[in-house]
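Here are a few short exercises to work through with the model open in your viewer. Try each one yourself before reading the solution.

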Amino acid sequence: MKIAIVLTDQSFLRTKSMGIFNVSMGLTKGLMQHPEVSELHILGNNECGDTFRDCPPHVHLHLMDKPVPRRFARVWWDQFGLSAAVRKINPDWLLLPKGVPPFFRNIGNTRMACYVHDVMWEHYEQRPKSDRAKAFPLHEFIYFKNLSLHAMRSSDIVLTHTEFNARRIHSYVPQAHISRIGIGFDNVPILSEHYKGKDILAYGSTFPHKRLDLTFSRITEWIRQRPDRNDITIHLVGSIPNEISLPNQRWIHHKRLPYPQLCELLQKKCRMAVYFSDYESYGMPPVECLINHTPCLASDIPPIRENVPEQYLVANDDEAAFIRTANDVYDGKLPFICPTYPTWNEVTNACVQALKKA
């Protein structure tokens, strides 16, 4: 099987979406090793050159000078540049891990698989316009909403990762050929066998659906009631809006952390993590906490419910339940549970088998 996978529209230095980035890298590295992939073509950019420097002979890296920029250059690449590059390679399959296909399909006999991660636009259509404006400029919202719908309609197969996401795709395009291949997680080295951390980790984001307001208010109230409050520090990982300040000096803002540093923070310093959200398609941060042996309290919404044990789920509108659960988890009254998640080799194999059957 001859496959082309597209990484040109991603930055390997300043990625905004760690979830999509992890999927792209996991699938690419898995396809490089899969025995049924006889030829793999990676459409990349100069930021990923070192990552794929020493490739096996059947793997070919096609470099652009830099990641595809935004606005008109991005539109040109999506609609014309991508198709031209694919026609030169003439693969059996074009795999788009960000699920962004050209509106006018012009890729010869190549079949197309789009990995559709979410239908986030439907959530923001139901929210106040002010929230949508904070998340996306109007032109980007319209462009990517329509590309998402086009991906569902025009793909020979739509790849995704949760039953929730598959149902949402099916609700818009009942005839779509959907394969739920999942998301993979490679083994995380255990840095310390004895867990002694007292801190907690929380996630920040500039997107309104990531409920930074609940993160601040719930954790602040929980700590206020703790007799050991002076021993607890909160590590906030991720971006926050410029106009918002941390509640107090107890909070440390780390912005974006390299994954090894996040693992060290979770395993050595943090006894618990917290993740609030109104909408997810998968919910990767809570799972990353669990595989780092750190329990994570997460919003009780459908996709997270698929991937996180019930004992860690909390309703966004129930402060009392959050405080009870946080105390039970923090004080070790609940046994730690981490489900068995698929590896990237298993997910890549599911992807290849889905392409063969399509």
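**Exercise 1. Find out how confident the predictor is, overall and by element.**

Start with the whole chain: this is a predicted model, and its mean pLDDT is 90. Next, check the spread: 95% of the residues reach 70 or more. Then go element by element. Helix H2 (residues 72-89) has the lowest mean pLDDT of the elements, at 84, while strand S13 (residues 313-314) has the highest, at 98.

**Exercise 2. Decide whether helix H9 (residues 284-291) is enclosed or not.**

First, recall the cut-off: a residue is buried under 20% relative accessible area. Now run along the helix. Met284, Pro285, Pro286 and Val287 are among the buried residues, and so are Glu288, Cys289, Leu290 and Ile291. That gives 8 of 8 buried, so H9 is largely enclosed by the rest of the structure. Finally, look just past the end of the helix: His293 takes a positive phi of about 65° there.

**Exercise 3. Describe how helix H8 (residues 259-269) packs on H9.**

Geometry comes first. The two axes sit 9 Å apart, at an angle of about 60°, and the crossing is right-handed. Now list who touches whom: H8 brings Tyr259, Leu262 and Leu266, and H9 answers with Glu288, Cys289 and Ile291. Sort those by class and you get 5 nonpolar residues, 1 charged and no polar ones. The charged one is Glu288.

**Exercise 4. Classify the packing of helix H7 (residues 212-224) against helix H11 (residues 319-330).**

Take the angle, about 60°, with the axes 10 Å apart. Angles of 65 to 115 degrees would count as roughly perpendicular, and those under 35 as roughly parallel. Neither range fits, so H7 is oblique to H11. The handedness of this crossing is right-handed. For the contacts, H7 supplies Arg218, Ile219, Glu221 and Trp222. On the H11 side they meet Glu319, Phe322, Ile323, Ala326, Asn327 and Tyr330. By class, that contact holds 6 nonpolar, 3 charged and 1 polar residue.

**Exercise 5. Work out whether Ser24 is buried or exposed, and what it touches.**

Locate the residue: Ser24 is part of helix H1 (residues 18-33). Check its accessibility next. The relative value is 0%, so Ser24 counts as buried. Last, leave out residues up to four places away in sequence and look for contacts: Ser24 touches Ile5, Leu7, Gln10 and Pro97.

Technical notes: Residues are numbered from 1 along each chain as its sequence is written. This is a predicted model: local features need pLDDT of at least 70, side-chain atom pairs count only at pLDDT 80 or more; totals for chains, interfaces and linings use all residues. Side-chain values use heavy atoms; hydrogens and water are left out. pLDDT is the predictor's confidence in each residue, from 0 to 100. Helices (H or I, at least four residues) and strands (E, at least two) are DSSP runs, numbered from the N terminus. Buried means under 20% relative accessible area, exposed over 50%, partly exposed in between (1.4 Å probe, protein chains only). Axes are lines fitted to C-alpha atoms, for helices over the stretch in contact, and angles run from 0 to 180 degrees between N-to-C directions. A crossing is left-handed if the near helix is turned anticlockwise from the far one by less than a right angle, and right-handed if clockwise. Contact means heavy atoms within 4.5 Å. Angles under 35 degrees count as roughly parallel, over 145 as roughly antiparallel, 65 to 115 as roughly perpendicular and the rest as oblique.
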